[in-house]
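Here is a report on one protein chain. Keep the sequence and the 3D view open while reading.

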Amino acid sequence: MERVCLDCGARLLGRSDKKFCSDQCRNNYNNRLNRDQNNYVRNVHAQLRRNRKVLADLFEAGHHRIHRDALLAHGYNFTFFTHLVETRDGLRWLYCFEYGFRDSGAGYLELMKSSAYLEGCVPEAEPGLM
Ligand SMILES: [Zn+2]
(Lines give C-alpha, C1' and ligand atoms only; values in the text may rest on other atoms or scores of the structure.)
Protein backbone atom coordinates (compact mmCIF):
# COMPACT_ATOMS: atom_id res chain seq x y z
CA MET A 1 0.00 0.00 0.00
CA GLU A 2 1.38 3.39 -0.98
CA ARG A 3 1.97 5.78 1.88
CA VAL A 4 1.92 9.54 1.42
CA CYS A 5 3.16 12.53 3.41
CA LEU A 6 0.38 13.78 5.72
CA ASP A 7 1.23 17.35 4.78
CA CYS A 8 2.01 17.53 1.08
CA GLY A 9 0.80 14.16 -0.13
CA ALA A 10 4.15 13.19 -1.66
CA ARG A 11 4.89 9.47 -1.85
CA LEU A 12 6.84 8.24 1.17
CA LEU A 13 9.83 5.94 0.82
CA GLY A 14 11.74 4.19 3.57
CA ARG A 15 10.61 3.39 7.09
CA SER A 16 7.04 2.15 7.33
CA ASP A 17 6.25 4.40 10.32
CA LYS A 18 7.28 7.53 8.42
CA LYS A 19 4.46 10.09 8.17
CA PHE A 20 6.16 13.04 6.53
CA CYS A 21 8.55 13.49 3.65
CA SER A 22 10.55 16.20 5.48
CA ASP A 23 10.95 18.12 8.72
CA GLN A 24 9.37 21.08 6.97
CA CYS A 25 6.21 19.06 6.26
CA ARG A 26 6.14 17.73 9.83
CA ASN A 27 6.34 21.32 11.13
CA ASN A 28 3.67 22.56 8.71
CA TYR A 29 1.34 19.79 9.74
CA ASN A 30 1.84 20.25 13.49
CA ASN A 31 1.53 24.04 13.28
CA ARG A 32 -1.73 23.72 11.37
CA LEU A 33 -3.06 21.23 13.92
CA ASN A 34 -2.15 23.53 16.83
CA ARG A 35 -3.65 26.54 15.10
CA ASP A 36 -6.95 24.72 14.52
CA GLN A 37 -7.10 23.58 18.12
CA ASN A 38 -6.21 27.05 19.36
CA ASN A 39 -8.94 28.54 17.16
CA TYR A 40 -11.44 26.13 18.62
CA VAL A 41 -10.44 26.94 22.19
CA ARG A 42 -10.40 30.66 21.42
CA ASN A 43 -13.89 30.55 19.92
CA VAL A 44 -15.35 28.59 22.83
CA HIS A 45 -13.69 30.96 25.33
CA ALA A 46 -15.11 33.96 23.47
CA GLN A 47 -18.61 32.51 23.61
CA LEU A 48 -18.25 31.68 27.32
CA ARG A 49 -17.05 35.22 28.02
CA ARG A 50 -20.00 36.66 26.08
CA ASN A 51 -22.40 34.43 28.02
CA ARG A 52 -20.81 35.42 31.33
CA LYS A 53 -21.07 39.11 30.42
CA VAL A 54 -24.79 38.76 29.63
CA LEU A 55 -25.47 37.04 32.96
CA ALA A 56 -23.20 39.39 34.91
CA ASP A 57 -24.74 42.56 33.44
CA LEU A 58 -28.29 41.38 34.16
CA PHE A 59 -27.52 40.03 37.62
CA GLU A 60 -25.55 43.06 38.74
CA ALA A 61 -28.37 45.30 37.43
CA GLY A 62 -30.70 43.53 39.83
CA HIS A 63 -32.42 41.08 37.47
CA HIS A 64 -32.56 37.81 39.36
CA ARG A 65 -35.37 36.31 37.32
CA ILE A 66 -35.52 36.63 33.57
CA HIS A 67 -37.19 35.02 30.57
CA ARG A 68 -35.09 32.76 28.30
CA ASP A 69 -36.02 34.89 25.30
CA ALA A 70 -34.53 37.94 26.97
CA LEU A 71 -31.23 36.11 27.40
CA LEU A 72 -31.33 35.06 23.74
CA ALA A 73 -32.06 38.65 22.76
CA HIS A 74 -28.93 39.67 24.66
CA GLY A 75 -26.88 37.19 22.61
CA TYR A 76 -26.77 34.39 25.12
CA ASN A 77 -25.90 30.96 23.69
CA PHE A 78 -27.37 28.14 25.79
CA THR A 79 -25.03 25.56 24.27
CA PHE A 80 -22.04 26.83 26.22
CA PHE A 81 -21.61 26.76 29.98
CA THR A 82 -18.76 25.94 32.32
CA HIS A 83 -20.32 23.62 34.86
CA LEU A 84 -23.46 22.08 36.23
CA VAL A 85 -24.29 22.10 39.93
CA GLU A 86 -27.03 19.89 41.28
CA THR A 87 -28.14 20.92 44.73
CA ARG A 88 -29.33 18.54 47.44
CA ASP A 89 -32.93 19.56 46.75
CA GLY A 90 -32.54 18.33 43.17
CA LEU A 91 -32.27 21.71 41.45
CA ARG A 92 -29.90 21.88 38.49
CA TRP A 93 -27.95 25.10 38.03
CA LEU A 94 -26.01 25.76 34.84
CA TYR A 95 -23.07 28.06 35.39
CA CYS A 96 -21.00 30.30 33.19
CA PHE A 97 -18.09 30.93 35.52
CA GLU A 98 -19.57 32.41 38.73
CA TYR A 99 -22.98 33.25 37.24
CA GLY A 100 -25.60 30.57 36.97
CA PHE A 101 -29.26 29.99 36.34
CA ARG A 102 -31.90 27.37 36.73
CA ASP A 103 -35.22 26.79 35.03
CA SER A 104 -37.94 28.24 37.25
CA GLY A 105 -40.85 27.38 34.99
CA ALA A 106 -42.87 28.97 32.20
CA GLY A 107 -39.72 29.93 30.33
CA TYR A 108 -38.26 31.88 33.22
CA LEU A 109 -34.82 31.46 34.69
CA GLU A 110 -33.64 32.29 38.15
CA LEU A 111 -30.19 33.86 38.14
CA MET A 112 -27.56 33.34 40.78
CA LYS A 113 -24.00 34.29 41.54
CA SER A 114 -21.73 31.90 43.35
CA SER A 115 -18.06 31.05 43.40
CA ALA A 116 -18.64 28.36 46.01
CA TYR A 117 -17.19 25.57 43.90
CA LEU A 118 -13.83 27.31 44.10
CA GLU A 119 -13.63 26.78 47.85
CA GLY A 120 -10.69 24.61 48.63
CA CYS A 121 -9.06 25.38 45.28
CA VAL A 122 -7.95 28.90 46.01
CA PRO A 123 -6.28 30.55 48.98
CA GLU A 124 -8.78 31.83 51.52
CA ALA A 125 -10.23 35.09 50.32
CA GLU A 126 -9.38 38.23 52.19
CA PRO A 127 -12.27 39.56 54.26
CA GLY A 128 -14.34 41.97 52.23
CA LEU A 129 -13.46 40.48 48.86
CA MET A 130 -16.28 37.95 48.83
ZN1 LIG B 1 5.68 16.37 2.52
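The text below goes from the overall fold to the helix, the sheet, the core and two single residues.

## Overall picture

This is a predicted model. The mean pLDDT of the protein chain is 88. Of its residues, 89% reach 70 or more. Residues 120–130 are a weak spot in confidence, with pLDDT below 50. Beyond near neighbours in sequence, that stretch has one contact in the model.

The protein chain contains two helices and five strands. Along the sequence they come in the pattern α-β-α-β-β-β-β. The chain has 130 residues, and 10% of them are buried. Take the contacts with a separation of 6 or more: 38% of these link residues 24 or more positions apart.

## Helix α1

Helix α1 covers residues 23–60, which is 38 residues. From first C-alpha to last, α1 reaches 53 Å. That is close to the 56 Å expected at 1.5 Å a residue. Just after α1 comes Gly-62, with a positive phi of about 100 degrees.

Which residues of α1 are buried? They are Asn-51, Val-54, Leu-55 and Leu-58. An α-helix has 3.6 residues a turn, so residues three or four places apart point the same way. The buried residues of α1 pack against several elements: β1 (65–67), α2 (68–73), β3 (92–96), β4 (99–105) and β5 (108–113).

## The sheet

The five strands form an open sheet in the order β1-β5-β4-β3-β2, with antiparallel pairing. The edge strands are β1 and β2 (83–86), and each pairs on one side only. From one strand to the next, the twist averages 35 degrees.

Start at the β1 edge. Three bridges join β1 to β5, and the two run antiparallel. Here Arg-65 has Glu-110 of β5 as its bridge partner. Next, β5 is joined to β4 by six bridges, again antiparallel. Phe-101 faces Leu-111 of β5 across this pairing.

At the other edge, β2 and β3 pair in the antiparallel sense over four bridges. Two opposite pairs can be picked out here. Glu-86 stands opposite Arg-92 in β3, and Val-85 stands opposite Trp-93 in β3. In a regular strand the side chains alternate between the two faces of the sheet.

Two of the strand pairs are hairpins, set out here.

| Hairpin | Residues between the strands | Turn residue with positive phi | Phi |
|---|---|---|---|
| β2 and β3 | five residues | Gly-90 | about 85 degrees |
| β4 and β5 | two residues | Ala-106 | about 55 degrees |

## The nonpolar core

In soluble globular proteins, nonpolar side chains tend to be buried together. How many residues does the largest nonpolar core have here? There are 11: Val-54, Leu-55, Leu-58, Ile-66, Tyr-76, Phe-81, Tyr-95, Cys-96, Tyr-99, Phe-101 and Leu-109. The elements that give two or more residues to this core are α1, β3 and β4. The most come from α1, with three residues.

Two core members link back to the sheet. Phe-101 is the residue that stands opposite Leu-111 in β5. Phe-81 touches Leu-94, Tyr-95 and Cys-96, leaving aside residues up to four places away in sequence.

## Two residues outside the core

Now turn to Asn-28, which is found in helix α1. Is Asn-28 exposed, partly exposed or buried? Asn-28 counts as partly exposed because it has 16 C-beta neighbours inside 10 Å. A residue needs 20 or more to be buried and 12 or fewer to be exposed. Asn-28 and Asp-7 are 21 residues apart in sequence. In space, they are 7.0 Å apart, C-alpha to C-alpha.

Asp-69 lies in helix α2. Asp-69 has 11 C-beta neighbours inside 10 Å, so this residue counts as exposed. In sequence, Asp-69 and Gly-107 are 38 residues apart. Their C-alpha atoms are 8.0 Å apart in space.

## In brief

The protein chain has two helices and five strands. The strands make an open sheet with β1 and β2 at its edges. Buried residues of α1 pack against β1, α2, β3, β4 and β5. Residues 120–130 stay below a pLDDT of 50.

Conventions: Residues are numbered from 1 along each chain as its sequence is written. This is a predicted model: local features need pLDDT of at least 70, side-chain atom pairs count only at pLDDT 80 or more; totals for chains, interfaces and linings use all residues. The expected span of a helix is 1.5 Å times one less than its number of residues. Two residues are in contact if their C-beta atoms, placed from the backbone, lie within 7 Å. pLDDT is the predictor's confidence in each residue, from 0 to 100. Two strands pair if DSSP finds at least two bridges between them. Axes are lines fitted to C-alpha atoms, for helices over the stretch in contact, and angles run from 0 to 180 degrees between N-to-C directions. A nonpolar core is a set of buried Ala, Val, Leu, Ile, Met, Phe, Trp, Tyr and Cys residues joined through C-beta atoms within 7 Å.
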